[in-house]
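Hi,

Here is the structure I said I would pass on. Have a look at it, and then read on for what turned up.

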Amino acid sequence: MTVVNILEKLVSFPVLGGKSNLSILNWIKDYLESYGVVVNLVPNEDGTKASLHCRIGPATDGGVILSGHMDVVPVEGQDWTSDPFELIDKEDGKLYGRGSCDMKGFLACCLAALPDMLKASLKKPIYFAFSYDEEVGCLAAPELAKHIRNHYVEKPKYALIGEPSMMEPIVGQKGIYILETYVNGSAGHSSRIKQEVSAIHEAMRLILWLEAKMDKLIADKRLDDRFHPPHSSIHIGLVNGGIAPNVIADKAHFYWDLRTIPMDDIQSIVAEFDTFCLEREIELRSIFPDFSIKTIENHPPVPHLDTKADDPIVGLIKKISGNSKLDTVSYAAEAGQFANEGFHSAICGPGSIEQAHRADEFISKEQLDMGMKMMYKLIQELSSEAFS
Ligand SMILES: [Zn+2]
């Protein structure tokens, strides 16, 4: 099958993040098995979803994991001019369809290059690692990366995450953590504001604390110029609480996210916030004994990626992508999770992130070709005795 045929097939599975991915998983599994590849599954608890991984080439230490996700984002409310789950060639050099760019294009390149990988005399193996639920917070990747590390006796060394980067090597990614804070105060007549504890007033104080914390990080020159913006950001995106201007609110809630540069630690910022919350609880319980503040994570933190410019994965990706300009991204990807398992990791894949997640998502045929070229160069590299 050509890369376009495979992409056509992959786009036809409307597998959204958070939903069962067995349809696309089984098609890929059958495809791999038809070439005699041994496929390993890493299912979720109830068996409705699974990641897959496999090894192509010799059972030796080293080699490269090619990582991608099988899920896509929804199309609801988007103004598509064609069926999102049908790959359309409008003869303008682009192939349209949900996931064509993010990131079934890369998966199609991996799968289309499989026959060549099998024919080549690889000295180091290639692994495929395809996950689910990336689009709802990179949920499956930690388990998948760990499974790969534990499953194989001979350990892979590198991980290339094929997120759309216009084939540029991406070595840095901010860590992302999404949290929710609930404040429980006491209701009452607005005139009693000093005798009750308004959940809204307290939530406001917490929000201002978070903003001040961000400003403090900036003032302390905690900056990393590789990122835009160069500082860790703390942002409150949704607030609710209260019922009327003359009623003290007993409940307030806000939703926030934290995007950290590698030098800042997500957990310690949250721990500092928790300490402040505890102080507020102790103080306000003298007015209202049941006063409480609770912060919960909306989903597990996505770790940052901080691969150094002289890391060997960077050299490899420069060589096989033909691009030498390094960049960083502010979107979530699974690279940090592979790095956390000890693999030298970086992002590089066909297509532009600008086309991802929107109506009439597309990948240019040129980018898809470049993705295939990267596969062939990778095969060449891994077939060389000199590769380590
Ligand atoms: Zn993606």
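Below are my notes on the helix packing, the pocket and a few backbone oddities.

First, a caveat: this is a predicted model.

**Helix packing**

Two packed helices can be described by the angle between their axes and the distance between those axes. Three pairs are worth a look, and α3 turns up in two of them.

Start with α1 (residues 3-11) against α3. The two pack at about 130°, and their axes are 8 Å apart. An angle like that falls outside the parallel, antiparallel and perpendicular ranges, so α1 counts as oblique to α3. On the α1 side the contact uses V3, I6, L7, L10 and V11, while α3 brings K104, G105, L107, A108, C109, L111 and A112. Sorted by class, that contact has 10 nonpolar residues, 1 polar and 1 charged. As for handedness, α1 passes α3 in a right-handed crossing.

The other partner of α3 in these notes is α2 (residues 22-34). Here the angle is about 20° and the axes are 11 Å apart. Since anything under 35 degrees counts as roughly parallel, that label applies to α2 and α3. The crossing of α2 past α3 is left-handed. From α2, the residues I24, W27, I28, Y31 and L32 meet K104, L111 and A112 of α3. This contact breaks down into 7 nonpolar residues, no polar ones and 1 charged.

The third pair is α8 (residues 312-321) with α10 (residues 365-382). Their axes come within 8 Å and cross at roughly 125°, and α8 and α10 are therefore oblique to each other. The crossing is right-handed. Which residues do the touching between α8 and α10? In α8 they are L316, K319, I320 and S321, and they meet M374, K377, L378 and E381 in α10. By class, the residues of this contact are 4 nonpolar, 1 polar and 3 charged.

**The pocket**

Rolling a probe the size of a water molecule over the atoms shows where empty space is left. The largest pocket comes out at about 320 Å³. How many residues line the largest pocket, and which lie nearest its centre? The lining has 17 residues, and E135, I176, Y331, A332 and H357 are the ones nearest the centre. Three strands, β9 (175-184), β13 (251-260) and β14 (292-302), each contribute at least two residues to that lining. If you are thinking about chemistry, the lining of the largest pocket splits into 8 nonpolar, 3 polar and 6 charged residues.

**Backbone oddities**

Most residues other than glycine have a negative phi, and most peptide bonds are trans. With that in mind, here are three places to inspect.

- D102 and M103 are joined by a cis peptide bond, with omega about -10°. M103 sits in the loop between β5 (94-96) and α3 (104-112).
- H228 and P229 are also joined by a cis peptide bond, with omega about -5°. P229 is in the loop between α6 (199-219) and β11 (233-241).
- D133 is not a glycine, yet its phi is positive, at about 55°. You will find D133 in the loop between β6 (126-131) and α5 (141-151).

That's the lot from me.

Cheers

How values were computed
Residues are numbered from 1 along each chain as its sequence is written. This is a predicted model: local features need pLDDT of at least 70, side-chain atom pairs count only at pLDDT 80 or more; totals for chains, interfaces and linings use all residues. Side-chain values use heavy atoms; hydrogens and water are left out. Axes are lines fitted to C-alpha atoms, for helices over the stretch in contact, and angles run from 0 to 180 degrees between N-to-C directions. Helices (H or I, at least four residues) and strands (E, at least two) are DSSP runs, numbered from the N terminus. Angles under 35 degrees count as roughly parallel, over 145 as roughly antiparallel, 65 to 115 as roughly perpendicular and the rest as oblique. A crossing is left-handed if the near helix is turned anticlockwise from the far one by less than a right angle, and right-handed if clockwise. Contact means heavy atoms within 4.5 Å. Ala, Val, Leu, Ile, Met, Phe, Trp, Tyr, Cys and Pro count as nonpolar, Asp, Glu, Lys and Arg as charged, and the others, Gly among them, as polar. On a 1 Å grid over the protein atoms alone, a cavity is a set of points where a 1.4 Å probe fits but cannot get out, and a pocket is an open set with protein on both sides within 12 Å along at least five of seven lines; lining residues have an atom within 4 Å of a point. Grid points are joined across faces, edges and corners, and a volume is the space filled by probe spheres set on the points.
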